[in-house]
Amino acid sequence: MKSIVVNISIGLLLIGCGTKNPANDVATNLPITTSLDLTQISDDKVPVVINPGRFVQDSVTYYLPKVVQGTYAVSDFGKFVDDFKAFDYQGNEIKVEKKDPNTWLIPNAKQLDKVSYKVNDTYDIENAGIETPFSPSGTNIEPENYVLNLHGFIGYFDVLKNNQYALDVKAPTTMKRTSALQKIGSDTNEDGSITTDKYFASRYFEITDNPMMYGNLDIEEFLVGDIKIVLSVYSPNKVHTASKIKETVFKMMKAQKAYLGDVDSTPRYDIYLYLASGAEDAPTGFGALEHHTSTVVVLPEQIPDEALASAMIDVVSHEFFHIVTPLSVHSEDVHYFDYNDPTFSKHLWMYEGVTEYFATLFQANQDLVEENEFYEKIMGKIQSASGFDDTMSFTEMSENILEEPYASNYINVYEKGALIGMCIDILMREESNGNRGILSLMKQLSSKYGKNKPFEDDKIIAEIAAMTYPSVGEFLKTHVVAGTPINYEEFFKKVGLTIMSDRIETDYVQNAGALIFGGNQEKGTIFFTELVLDNSFWVENGVQPNDELVEINGKKLTIQNANAVIGAALQWQVGDEVEVKLNRIGKEIVIKTKLTQSFTKGKKLVAADNPSKNQLALRKVWIKG
């Protein structure tokens with residue numbers, strides 16, 4: 001206990017030193033004092049003040065991130081900053097040159113006392129035709145809820161990348177708050193109405209890696225083994241509660257810990273769940289963004305309980321498995337990440353693909369789903385992967401992920417990437433008589449490297465081959481580097497499974513993973529493609545290719561809100577009443593009916609006839625370990 005008290009005292013002392021800027025306080029020796037004021041919101045903008053200490057350089061540059069880790073896309077958080085100003089020690093405004101959307105040059109740095117600016121949120125402009133960050137990496141600013149992904153509010157100076165940060169967040173005392181960042185204290189004003197929370201970060205990475213949520217939250221805290229889980233839920237219409245979701249999260253994370261075994265974990269893990277109302281200004285980028293000890297999740301609020309539980313297992317388990325890779329096993333590009341001029345590792349097949357494979361396999365391994373459901377998920381990934389360029393080198397795509405044609409193939413890291421993980425797993429089980437799999441490989445890599453030691457990007461495939469078997473190295477060179485399509489049947493044969501054609505269940509938006517809608521950018525409309533002819537529900541209700549969707553359940557459909565409206569259709573259940581208005585070459589067509597199960601042509605992964613004892617044994621150890 002003494003060491004904890006000492007560490008906190010040192011942190012407070014350092015922060016105390018950073019609150020003023022006497023002439024001998026050089027910026028490189030001080031924490032960067034930063035403040036966010038949630039009590040002074042105007043036009044959905046948060047005032048931010050950055051006090052770096054005294055510079056000895058003639059000029060300095062201040063950045064907000066162009067790209068943040070885990071997104072593999074340009075976010076340009078500087079686009080959402082207004083009224084950027086710099087001040088000298090007499091309070092006078094001094095010159096600032098904006099170099100690009102995320103960069104501000106301050107020529108007279110020796111005179112600089114502080115900078116201030118206002119940050120607009122990203123959630124309420126997602127559907128306004130403006131390029132915005134993926135919702136779980138974005139920001140929300142509204143009286144009832146603040147999603148504080150701090151990389152959207154706080155930047156860094158080019159010469160102070162390794163400085164500590166002292167962060168004050170001022171908010172109404174009645175407002176609930178949770179934070180993954182280390183909190184070291186708080187102050188309350190005289191009448192008790194406003195509380196300023198004080199946080200500490202040892203470097204800028206900790207600012208970007210520790211989100212917060214303030215507002216009208218529903219919070220549950222509980223233990224899963226030795227991990228404290230903090231579940232923070234914002235459901236604007238109170239459709240879902242943290243207590244209802246808690247059981248799913250507990251069961252899921254208990255199963256994940258059992259599956260991972262002796263992998264190093266974390267004493268605390270925060271889950272921030274924002275449930276989007278479906279309004280025009282609500283976010284529509286559903287999914288999650290991982291951090292070392294937390295994840296931010298955005299899902300639709302109207303999602304039924306059962307579907308929400310399934311989504312939380314699929315999405316949050318994926319993010320939690322990132323504690324293995326890239327958080328514990330990663331390259332130099334990840335370790336020394338440059339937020340404004342990033343280079344990318346060649347190994348998204350590992351970071352996202354293997355992680356997604358773990359999130360899929362563990363559910364069958366720990367009896368959260370039946371084996372047949374696991375097979376359905378695998379076939380769904382094969383179907384989805386078929387919509388991307390199957391000859392594209394995964395390493396080339398990964399290294400150039402911000403550029404076309406690679407950027408539009410990014411989603412395939414969750415589909416073919418997971419299948420790559422599956423193939424390696426089966427190969428390793430076969431070569432080792434069932435004793436080793438891809439999880440043991442990742443543990444071995446974690447032991448060799450860990451979160452503080454990156455691997456060399458160009459050498460890791462050779463290292464994996466040396467750690468495992470020549471067949472694994474050959475597989476990676478052939479199918480991951482060279483881009484030769486994988487014959488999945490060969491791998492299924494090893495475990496006594498086969499693919500057969502069949503009539504399979506599907507939803508009302510896609511045929512076993514293939515979207516049945518298209519968009520006309522010029523007209524701003526959404527229409528059914530030829531694939532609708534293979535979706536039994538729509539065929540039975542007379543829908544034809546090129547029918548334009550005008551309205552779904554009273555909601556007019558546009559290019560801008562298509563994700564939200566069609567995304568809601570993914571949650572439709574058999575028996576629900578629906579009303580859809582179509583435009584067929586100028587004629588209005590109205591479909592008003594109850595949903596029936598829809599079917600499509602597809603393929604199933606099933607047990608082969610008369611599998612051998614070796615095939616059955618390998619299948620068992622592959623799935624159950």
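1. Let's start at the loop between strands E27 and E28, where Asn-553 is found. Its phi is near 50°, a positive value in a residue other than glycine. With a relative accessible area of 42%, Asn-553 counts as partly exposed, because that value falls between the 20% and 50% cut-offs. Please bear in mind that this is a predicted model.

2. The strands on either side of Asn-553 also turn up in the packing of helix H15. Strand E27 covers residues 548–552 and strand E28 covers 555–556, and the buried residues of H15 pack against both of them. Strand E25 (517–520) and strand E26 (525–528) are packing partners of those buried residues too.

3. How much of helix H15 is covered? The helix runs over residues 562–569 and is mostly covered, with six of its eight residues buried. Those six are Ala-562, Ala-564, Val-565, Ile-566, Gly-567 and Ala-569.

4. A second residue with an unusual backbone angle to look up is Lys-238, whose phi is near 60°, again a positive value in a residue other than glycine. You will find Lys-238 in the loop between strand E18 (227–234) and helix H3 (242–260). Is this residue buried or exposed? Lys-238 is exposed, since its relative accessible area is 51% and the cut-off for that class is over 50%.

5. Next come the cis peptide bonds. One joins Thr-325 and Pro-326, with omega at about 10°. Pro-326 sits in the loop that links helix H4 (305–321) to helix H5 (332–335).

6. Another cis peptide bond leads from Glu-404 to Pro-405, and here omega is near 10°. Pro-405 belongs to the loop between H8 and helix H9, the latter spanning residues 412–431.

7. Helix H8 itself, residues 394–399, contains Glu-399. This residue is partly exposed, at 38% relative accessible area. Which residues does Glu-399 touch, leaving aside its neighbours within four places in sequence? The contacts are Phe-344, Ser-345 and Lys-346. His-347 is worth finding as well: Glu-399 and His-347 are 52 residues apart in sequence, and their C-alpha atoms are 7.8 Å apart in space.

8. Stepping back to the whole chain, there are 16 helices and 31 strands. The C-alpha trace spans about 80 × 65 × 45 Å along its principal axes. The radius of gyration is 26 Å, which agrees with the value near 25 Å for a compact globule of 625 residues.

9. Buried residues account for 53% of the 625 in the chain. Of the contacts between residues at least 6 apart in sequence, 70% join residues at least 24 apart. The chain exposes about 27000 Å², and carbon and sulfur atoms supply 49% of that area.

10. How many charged side chains of each sign are there? The chain has 58 positive and 86 negative ones, and the centres of the two sets lie 4 Å apart.

11. Finally, a word on confidence. The mean pLDDT of the chain is 92, and 95% of the residues reach 70 or more. Residues 1–24 call for some care: pLDDT stays under 50 there, and the model has 22 contacts beyond four places in sequence for this stretch.

Technical notes:
Residues numbered from 1 in each chain as written. Heavy atoms only, no water. pLDDT = per-residue confidence, 0-100. Contact = heavy atoms within 4.5 Å. Helix = DSSP H or I, 4+ residues; strand = E, 2+ residues; numbered from the N terminus. Rg over C-alpha atoms; globule rule 2.2 N^0.38 Å. Buried < 20%, exposed > 50% of the residue type's maximum accessible area, 1.4 Å probe, protein only. Areas by Shrake-Rupley, 256 points an atom, 1.4 Å probe, with all protein chains shown as cover. Lys, Arg positive; Asp, Glu negative; His and termini not counted. Charge placed at Lys NZ, Arg CZ, Asp CG, Glu CD.
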